[in-house]
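Here are some quick notes from a read through this one. Have the viewer open as you go, and take the points in order.

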Amino acid sequence: MDTTSKLTLILNDPDLSEALKAIAQKVQNQERITFDEGVYLYEHAELGYLGTLANHIRERKHGDNTYFNRNFHLEPTNLCVYDCKFCSYSRLIKQKEEGWALTMEEMLDVVKKYDNEPVTEVHIVGGVLPQYDVAFYSALFSAIKKHRPELHVKALTPVEYHYIFKKAKIDYATGMKLMKEAGLESIPGGGAEIFHPEVRDLISKDKCTGEQWLAIHEEWHKLGMRSNATMLYGHIEKYEHRVDHMEQLRQLQDKTGGFQTFIPLKFRNQHNQMSHVPEVSVIEDLRNYAIARIYMDNFDHIKAYWAMISRQTAQLSLNFGVDDIDGTLDDTTKIYSMAGAEEQNPAMSTQDLVNLIKQVKRKPIERDTLYNVVTDYTDFVFEDEVKPQYYKLPVIN
Ligand code: SF4
């Protein structure tokens, strides 16, 4: 049964509440749902209902296309001047012996390691340290672009930008322009956590505020550039805080159109100061992806990090609004594993990733950072999948 027929079944279900029917009607009419309706979904909607609505939107936007990219992570340091309570990754400067802080040369060595790999993007993200300032990052971006011009530099978050611009006494507009001139091409979605101060002040008090996070992305979009947005969910926030977070992103997107992808990030409770907070279930993960897909009507893509939520949940998420499952070639990132993610060594070959998507009857599309299609793997056959050819035996009558 196609998604339109499933939606019609919901609309004609005599047992469904009028409120849920009204939301389903809006989805069918391609109308935006309100803040209150978003909260209502979190509080009352069942998984099957949410999946039907979210999958309808996903297939209307993308059909079966499921995107991934080939990138590697460069993590300059896991030391940080901040002390976010949920962070399993950062080691405070006082615990320096447990940390690393790469020099410029070491960072460029990481980039050079991939010289013969078909990667399209370097994703740079890590802790915040005083020695990594505007001059340092400008020099790093320029050096990467000089070494490998076609490699897309996706780097840092407003957490770092706010810190380095403040230190350099320059405003956001000037700072982002400098970064662009140095070679920065897009901003990942990190550092957003939950914008609402009732939550943000408790879990990551000192770093940039929600308003500052949004203001930096806005300046970046004004330069004609693209970025992503995340939301850290499943800890001490209430449903209202999640919807408020999505609402603020939706409003900025109305204004600039610069966001590409919304990425809900599951809170993991290992090795951090919030280990006493239980993690939410896989069902809640799927409900959250689906509500994000329904609410964020002006975002093209919803992404799930397979390394964070496990390969199986990533497969399931493709029926709950997700159309992108990221994709790293190797285990260059430590952010997920240190937080207690399912994948302790997140390595997956292109073939594994393609098969993961094909197994659930979706079309695997390798994209670049800006969602240009690099390779459509729908009918692609990998070398070791070629069936052996046999000679025809003569038939003796
Ligand atoms: S989440 Fe980011 S800013 Fe916060 S402590 Fe960790 S590395 Fe630092």
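1. Start with strands β5 (residues 121–124) and β6, which pair in the parallel sense over four bridges. One of the pairings to click on is E121, whose bridge partner in β6 is H152. Keep in mind throughout that this is a predicted model.

2. How do the two strands connect? Helix α6 (residues 134–147) joins β5 and β6 in a right-handed β-α-β unit.

3. Now look at β6 itself, residues 152–155. In a regular strand, side chains alternate between the two faces of the sheet. Here H152 and K154 sit on one side, with V153 and A155 on the other, and all of them are buried. So both faces of β6 are covered, by the cut-off of 20 or more other C-beta atoms within 10 Å. Worth a glance if you expected the His and Lys side to be open: H152 and K154 are buried as well.

4. Next, the cysteines. UniProt, in an unreviewed entry, lists C80, C84 and C87 under "binding site". C84 lies in the loop between β3 (79–80) and β4 (91–92), and C87 is found in that loop between β3 and β4 too. Are these two loop residues buried or exposed? C84 is buried because 22 other C-beta atoms lie within 10 Å. C87 has 23 C-beta neighbours inside 10 Å, so C87 counts as buried too.

5. For contrast, try E31, in the loop between α2 (18–29) and α3. E31 counts as exposed because it has 11 C-beta neighbours inside 10 Å, and the cut-off for exposed is 12 or fewer. If you want a long ruler, E31 and V111 are 80 residues apart along the chain, and their C-alpha atoms are separated by 45 Å.

6. Zooming out, the protein is divided into domain 1 (3–62) and domain 2 (65–376). Their C-alpha centres lie 29 Å apart. The contact takes 19 residues from domain 1 and 22 residues from domain 2.

7. What does domain 1 put into that contact? On the side that touches domain 2, α3 (35–44) and α4 (47–62) each supply at least two residues. The largest share comes from α4, with ten residues. By type, the residues on this side of domain 1 divide into eleven nonpolar, four polar and four charged.

Conventions:
Residues numbered from 1 in each chain as written. Predicted model: local features only at pLDDT ≥ 70, side-chain atom pairs only at ≥ 80, totals over all residues. Pairing = 2+ DSSP bridges. Right-handed = clockwise from strand over helix to strand, strands pointing away. Domains from an automatic or database assignment. Contact = placed C-beta atoms within 7 Å. Nonpolar A, V, L, I, M, F, W, Y, C, P; charged D, E, K, R; others polar. UniProt positions renumbered as here; feature names shortened; annotations may be inferred.
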